[in-house]
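Hi everyone, thanks for coming. I'd like to walk you through one structure today, so let me put it on the screen.

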Amino acid sequence: MPWIQLRLQANEENAEKYSDWLSASGAQAVTFIDAKDTPIYEPLPGDEVIYWSNTIVMGLYDAAHDMDKVIGYLKSIHPDKAQMQYKLEQLEDKDWEREWMDNFHPMKFGKRLWICPSWREVPDPEAVNVMLDPGLAFGTGTHPTTALCLTWLDSLDLTDKTVVDFGCGSGILSLAALKLGAKKVIGIDIDPQALQASKENAKRNGCEQRLELYLPKDQPQFKADVVVANILAGPLKELAPTIIEYVAPIGLLALSGVLENQAPELQTIYGQWCDMDNYVVQEEWVRLSGKRKPD
Ligand SMILES: C[S@@+](CC[C@H](N)C(=O)[O-])C[C@H]1O[C@@H](n2cnc3c(N)ncnc32)[C@H](O)[C@@H]1O
């Protein structure tokens, strides 16, 4: 299948914002090109994310996507549209695979956890390594919402715990939880393609026996020790009673996909059931977390 790749010139100040714009305009995947072949170390909460002064943000769209509309949208929100530098390229499957392979690097989250593309050398074989290649479901670790959840999972002792990953996308959080010691994960997603991607990624990591995947219409009743949901504020609000039902008494919950100005309302909603922690901010994104009150 042919693809269209949009390259947008960015710098360390606007790279993350441009990445969100490309996602919002329908890019199936977004990544950054760095100048050097260095792994990206995900910052600890509170630390600054470091981008290169000459970053290129790349979005991948399927060939049928209306790129005039995308460019029009980007120009409508770009603070200096005359200066907006971009390039559109048509890519065949093998070209984009090559391109993305060149530009996707191992990333470290928290103290132990690495997300590594399969074609790169694993930087620390003794670490907890999830092998994951960019695909067409959301979740490679480059987005702050995913990074916030990965760092949170890394901070927990998940040995023999049960986990629900609500909005599992590529399965990145499910796989991280399993590799960090969880005995079973239930992944739920509204998108069948995401469930397929999660299944394939689980196989690649030898975790498929411990991962159950469901569409929302089939989701089982279950009480988990740990629940993580990286979807947007709207569904997190709407689905609060459903999501909270998955959290066992004194179980832990993390919510991501929330913008800073949306956090107080969600903090209040989930505060009905959980003792909430202070929320953590990365870029303009927030992670909320808490412990479910005992019955
Ligand atoms: C931002 S992605 C997160 C993917 C991955 N968990 C991560 O952290 O990178 C959100 C995922 O939630 C799914 N989703 C959105 N609304 C949903 C809903 N109402 N129920 C279940 N999944 C949903 C989307 O299909 C998408 O795969």
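I'll talk about the ligand site, then helix 5, and finish with one serine. Please keep in mind that this is a predicted model.

Let's begin with the ligand. The space it takes is the largest pocket. Around it there are 17 residues, and the closest are Thr146, Gly167, Asp189, Asn230 and Ile231. Three of these are worth pointing at. Gly167 places a backbone N or O atom 2.8 Å from a ligand nitrogen. With Asp189, a polar side-chain atom lies 2.6 Å from an oxygen atom of the ligand, and for Asn230 a polar side-chain atom is 2.8 Å from a ligand oxygen. Taken alone, the ligand exposes 600 Å², and 83% of that is buried by the protein.

Which elements help to build the shell? Strand 9, residues 162-166, and helix 5 each supply at least two residues of it.

That brings me to helix 5, which runs from 172 to 179. Is this helix mostly covered or mostly open? Mostly covered: seven of its eight residues are buried. Those are Ile172, Leu173, Ser174, Leu175, Ala176, Ala177 and Leu178. Just after the helix, have a look at Gly181, with a positive phi of about 120°.

Last, the serine. Ser289 sits in strand 16, residues 285-292. Its relative accessibility is 5%, so Ser289 counts as buried. The cut-off here is under 20%. The Ser289 side chain makes a polar contact with the side chain of Asp277, at 2.6 Å. Beyond its neighbours within four places in sequence, Ser289 is in contact with residues including Trp152, Leu253 and Met276.

How values were computed:
Residues numbered from 1 in each chain as written. Predicted model: local features only at pLDDT ≥ 70, side-chain atom pairs only at ≥ 80, totals over all residues. Heavy atoms only, no water. Buried < 20%, exposed > 50% of the residue type's maximum accessible area, 1.4 Å probe, protein only. Helix = DSSP H or I, 4+ residues; strand = E, 2+ residues; numbered from the N terminus. Polar contact = N/O pair within 3.5 Å; in protein donor to acceptor, adjacent residues only side chain to side chain. Contact = heavy atoms within 4.5 Å. Near = heavy atom within 4 Å. Areas by Shrake-Rupley, 256 points an atom, 1.4 Å probe, with all protein chains shown as cover. 1 Å grid on protein atoms, 1.4 Å probe; cavity = no way out; pocket = protein on both sides within 12 Å on 5 of 7 lines; lining within 4 Å. Sits in = over half its atoms within 2 Å of the grid points.
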